[in-house]
Amino acid sequence: MKPPVDGRLSREIAGRDGLAAETRAVRSFAERFGGEPTLVVHAPGRVNLLGEHTDYNEGFVLPMALHLGAWIALRPRADDRVVLRSLDFGEEQAFELSRLHRGQGWIEYVKGTAWALQEAGASLRGWDGVVTGEVPIGAGLASSAALEVAAARAFAAAADLPWQPVTAARLAQRAENEWVGVQCGIMDQLVIAAGREGHALLIDCRHLTTRPIPLPPATVVAVLDTSTRRDLVDSTYNARRARCEEATRRCGVRSLRDLGLSELEQRAGALTDEQLRLARHVVTENARTLAAAEAMTAGDAAAMGALMDASHRSLRDDFGVSSPALDAIVAAAQQAPGCFGARMTGAGLAGCAVALVEESASAAFAAETEQAYGARSGLPATVHLSSPCGGADVKAVG
Ligand code: GLA
């Protein structure tokens with residue numbers, strides 16, 4: 001049977017109770033707070049098609065938003081208290097907007113976003129809410145950024161503030177950098193805030209400009225979940241970013257984006273072997289990302305796929321953020337029917353890979369990739385077929 005490619009990922013849509021996430025959030029709101037929520041926010045997850053670890057080097061990325069996302073059902077309060085129940089963590093947290101203190105756990109993404117908005121001068125209002133996420137945590141699909149941008153959208157809607165996607169993305173990134181402590185770039189928050197239905201976004205991370213790029217005709221994006229997970233807060237993400245910054249300083253440029261491969265090679269003597277490999281990944285990945293946007297625009301799925309394959313090799317051999325599970329699922333996908341190309345996606349070390357697949361072969365692709373990955377790794381895989389979603393939105397209900 002052909003898996004559904006209906007704009008939503010094929011699995012993990014309904015919870016154990018069989019209800020969609022939005023319905024679960026709305027029902028649970030009524031149970032906990034009484035009456036209906038007045039607003040429902042959706043912020044998508046994301047999968048990155050090309051351009052990994054380039055965003056914090058002021059380079060180029062090509063992600064798309066996923067329908068799978070975070071949902072918040074909420075109702076503004078008269079005071080400055082935020083009360084939020086998480087269905088996924090099975091707990092409730094509360095805080096006052098006038099007295100924000102750092103703590104631990106999922107609520108910090110919400111609190112940190114409130115902090116960043118207030119630091120930017122926003123006058124916020126409290127709300128009661130229920131949150132639930134469909135994005136698997138630690139899988140490289142930006143579950144944290146989805147929660148931050150959902151929170152930003154909720155705060156903006158509750159306080160009747162205008163929604164400006166780029167500004168919201170920068171503030172959500174600030175929350176993650178300065179409140180949570182992960183020195184992430186802008187990619188996740190920006191595509192989640194500003195995604196365009198049916199398109200990936202080519203983002204210039206220096207100028208924060210975006211260009212919608214259509215998928216090649218008759219192709220789908222497959223998200224390949226290895227069922228391995230990592231924690232960005234504990235991972236080597238910040239350390240790798242700091243090493244890229246040191247390489248940048250030694251090269252004498254503002255950012256690695258300003259170098260071509262031959263210019264980098266001329267500076268090789270100033271770098272350690274590791275710094276050279278990290279920088280080489282960034283420099284070649286920027287070129288691949290720009291070429292990928294051109295290939296997709298020209299409808300050239302084969303060229304796009306070859307760039308994805310090359311990106312995986314560079315992330316594995318030069319940047320050092322693949323893993324045996326990611327290598328196994330990429331190899332399984334590359335040999336499956338209808339595959340144009342595959343690579344790990346997101347920060348790496350665990351989580352998901354992504355492939356570009358011929359739509360007519362997608363059912364066979366999914367089945368064979370899952371089977372071959374299981375045989376290679378002994379772990380279960382889940383293949384989700386997806387199409388690009390729009391950015392975070394809010395609707396009035398009740
Ligand atoms: C994480 C970060 C992003 C980006 C990717 C790697 O998802 O949040 O900013 O750096 O890793 O490309």
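Which elements cover the buried residues of α5? In this predicted model, the cover includes strands β1 (39-50), β2 (60-76), β6 (199-204) and β7 (209-214), together with helices α3 and α4.

## Helix α5 and its surroundings

Helix α5 spans residues 187-194 and is mostly covered, with seven of its eight residues buried. The buried residues are Met 187, Asp 188, Gln 189, Leu 190, Val 191, Ile 192 and Ala 193. The list thus includes Asp 188 and Gln 189 as well as Leu 190, Val 191 and Ile 192. Strands and helices both take part in the cover, among them β1, β2, α3 and α4.

## The sheet β9-β10-β8-β11

Four strands, in the order β9-β10-β8-β11, make up an open sheet with antiparallel pairing. The edge positions belong to β9 (339-344) and β11 (382-386); each has a single partner strand, so one side of each is left without a neighbour in the sheet. On average, and with direction ignored, neighbouring strands of this sheet are turned by 20 degrees against each other.

Within the sheet, β8 (residues 219-225) and β10 (residues 352-358) are paired in the antiparallel sense over seven bridges. One of the residue pairings places Leu 224 opposite its bridge partner in β10, Ala 353. On the other side of the pairing scheme, β9 and β10 run antiparallel and are joined by five bridges. Here Cys 339 has Val 357 of β10 as its bridge partner. Although β9 stands at an edge of the sheet, this strand is mostly covered, and five of its six residues are buried.

## Helices packed on the sheet

Two helices are described in relation to this sheet. Helix α10 (residues 324-334) lies across β8, β9 and β10, and runs at about 175 degrees to β9. Helix α11 (residues 362-377) also packs on the sheet, where it touches β8, β9, β10 and β11; the direction of α11 makes about 155 degrees with that of β11.

## Trp 179 in helix α4

Helix α4 covers residues 165-180 and contains Trp 179. The relative accessible area of Trp 179 is 7%; because a residue under 20% counts as buried, Trp 179 is classed as buried. With neighbours within four places in sequence left aside, Trp 179 is in contact with Leu 100, His 101, Arg 102, Glu 108, Lys 111, Gly 112, Trp 115 and Arg 174. A further relation across the sequence links Trp 179 and Ala 116: they are 63 residues apart in sequence, and their C-alpha atoms are 8.4 Å apart in space.

## Positive phi values

Most residues other than glycine have a negative phi. Ala 142 departs from this pattern, with a positive phi near 65 degrees. Ala 142 is found in the loop between β5 (127-133) and α3 (143-158), and at a relative accessible area of 10% Ala 142 is buried.

Ser 227 likewise has a positive phi, near 65 degrees. The loop between β8 and α6 (237-251) holds Ser 227. Its relative accessibility of 35% makes Ser 227 partly exposed.

## Cavity and pocket

A search of the whole structure finds one cavity of 30 Å³ or more. The largest cavity holds about 40 Å³ of space. Its lining consists of 11 residues, and those closest to the centre are His 53, Ser 235, Tyr 237, Ala 347 and Leu 349. By class, this lining divides into five nonpolar, four polar and two charged residues.

The second largest pocket contains about 360 Å³ of space. Twenty residues line this pocket, with Asp 55, Glu 58, Gln 173, Cys 205 and Arg 241 the closest to its centre. Helices α4 and α6 each supply at least two residues of the lining, and the largest share, four residues, comes from α6. The lining of the second largest pocket has five nonpolar, seven polar and eight charged residues.

Conventions. Residues numbered from 1 in each chain as written. Predicted model: local features only at pLDDT ≥ 70, side-chain atom pairs only at ≥ 80, totals over all residues. Heavy atoms only, no water. Pairing = 2+ DSSP bridges. Axes fitted to C-alpha atoms, helices over the stretch in contact; angles between N-to-C directions. Contact = heavy atoms within 4.5 Å. 1 Å grid on protein atoms, 1.4 Å probe; cavity = no way out; pocket = protein on both sides within 12 Å on 5 of 7 lines; lining within 4 Å. Points joined across faces, edges and corners; volume = space filled by probe spheres on them. Nonpolar A, V, L, I, M, F, W, Y, C, P; charged D, E, K, R; others polar. Buried < 20%, exposed > 50% of the residue type's maximum accessible area, 1.4 Å probe, protein only.
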